[in-house]
Amino acid sequence: RELLDRYALFTTTRAARALADRSDADAAAGHMWSNAYVLGKSLRRRLGVRTRAEALRAARVAYRMIAIDLKADERGDVVVDRCPFAAWYSPQVCRLMVSLDAGLIAGLTNGGRLGFSERITEGKPQCLAKISWEGAAP
C-alpha cells in the first residue's frame with residue numbers, strides 16, 4: 001500500500017507539471033502510451049496470451065497487482081469498481097494517466113483501443129470504458 005501511495009504522489013506531481021503546459025502533456029501521454037504498450041506486448045509474449053479472453057484475464061491479474069478491480073469481457077466492456085489512485089488523482093490527472101492503461105491494453109490485446117466514458121475521479125461510482133477491437137488482431 002505504501003509503495004502505491006508513493007507512486008500515486010509521484011505521478012500526481014509529474015502529471016500536474018505536464019498539464020501546466022499542454023504540449024508537455026501531449027508528449028507525456030505519448031511516451032506513457034508507448035512504454036505501457038511495450039510492457040503489454042512483453043506480458044502477452046511471456047504469458048503466452050493467444051486469445052482476447054486470455055488477454056483480458058491477464059489484464060485483470062495485472063491490475064489486481066496494483067489494487068485496481070478491473071473487469072472486462074470479450075465485447076470490450078470494461079468496469080473498474082475500485083481504484084486506489086482515484087483518491088489521489090484529479091479528473092485532469094486521471095485523463096492523462098489513462099494513457100498508461102490504453103497502452104498496456106493495446107499491447108496485451110494485440111491492438112485493442114481503450115476509451116473511458118466514465119471515471120471515479122469525476123464523481124462516478126465506477127469507471128466505465130470500452131475496448132474497440134477494430135483493427136486489432138484476433
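Which side chains meet in a salt bridge at 3.1 Å, N to O? Keep that one in mind; the second exercise answers it.

This is a predicted model, in which local features need pLDDT of at least 70 and side-chain atom pairs count only at pLDDT 80 or more, while totals for chains, interfaces and linings use all residues. Residues are numbered from 1 along each chain as its sequence is written, and side-chain values use heavy atoms, with hydrogens and water left out.

**Exercise 1. The sheet and its helices**

Task: Work out the strand order of the open sheet, then place helix 3 and helix 4 against the strands.

Solution:

Step 1. Start with the terms: helices (H or I, at least four residues) and strands (E, at least two) are DSSP runs, numbered from the N terminus. Two strands pair if DSSP finds at least two bridges between them.

Step 2. The four strands of the open sheet come in the order 1-2-4-3, and their pairing is antiparallel. Strand 1 (69-72) and strand 3 (113-118) are the edge strands, each pairing on one side only. On average, neighbouring strands of this sheet are turned by 25° against each other, direction ignored; axes here are lines fitted to C-alpha atoms, for helices over the stretch in contact, and angles run from 0 to 180 degrees between N-to-C directions.

Step 3. Look at one pairing in detail. Four bridges link strand 1 and strand 2 (residues 77-82) in the antiparallel sense. Lys71 has Val79 in strand 2 as its bridge partner.

Step 4. Now add the helices. Helix 3 (residues 52-64) packs on the sheet and touches strand 1 and strand 4 (127-132), with its direction at about 175° to that of strand 1; contact means heavy atoms within 4.5 Å. Helix 4 (residues 91-109) lies across strand 3 and strand 4 and runs at about 140° to strand 3.

**Exercise 2. Following the charges**

Task: Find the partners in the opening salt bridge, then trace the salt bridges of Glu122.

Solution:

Step 1. A salt bridge is a side-chain nitrogen of Lys or Arg within 4 Å of a carboxyl oxygen of Asp or Glu. The structure holds 10 of these salt bridges.

Step 2. The opening pair is Asp69 and Lys71, whose side chains meet at 3.1 Å, N to O. Asp69 counts as buried because its relative accessibility is 15%, whereas Lys71 is partly exposed at 35%. The classes are buried under 20% relative accessible area, exposed over 50%, and partly exposed in between (1.4 Å probe, protein chains only).

Step 3. Turn to Glu122, which forms a salt bridge with Arg95, the closest N and O atoms being 2.6 Å apart. Arg95 lies in helix 4 and Glu122 in the loop between strand 3 and strand 4, so the pair ties together parts that are 27 residues apart in sequence. Arg95 is partly exposed with a relative accessible area of 40%, and Glu122 is partly exposed with 36%.

Step 4. Glu122 also meets Arg119 in a salt bridge (4.0 Å, N to O). Arg119 is buried, with a relative accessible area of 10%.

Step 5. Elsewhere, salt bridges that share partners join Arg60, Asp69, Lys71 and Asp81 into one network.

**Exercise 3. Where helix 2 meets helix 4**

Task: Is Ser99 buried or exposed, and which residues is it in contact with?

Solution:

Step 1. Ser99 lies in helix 4 and is buried, with a relative accessible area of 10%.

Step 2. Leaving aside neighbours within four places in sequence, Ser99 is in contact with Ala29, Met32 and Trp33.

Step 3. Take Met32 from that list and view the contact from the other side. Met32 is in helix 2 (residues 22-47) and counts as buried at 16% relative accessibility. With neighbours within four places again left out, Met32 is in contact with Leu96, Met97, Ser99 and Leu100.

Step 4. For a backbone distance, Met32 and Asp101 are 69 residues apart in sequence and 9.1 Å apart in space, C-alpha to C-alpha.

**Exercise 4. A loop residue**

Task: Where is Asp73, and which residues does it touch?

Solution:

Step 1. Asp73 sits in the loop between strand 1 and strand 2. At 23% relative accessibility, Asp73 counts as partly exposed.

Step 2. Not counting residues up to four places away in sequence, Asp73 touches Leu56 and Trp133.

Step 3. Asp73 and Arg52 are 21 residues apart in sequence and 8.8 Å apart in space, C-alpha to C-alpha.
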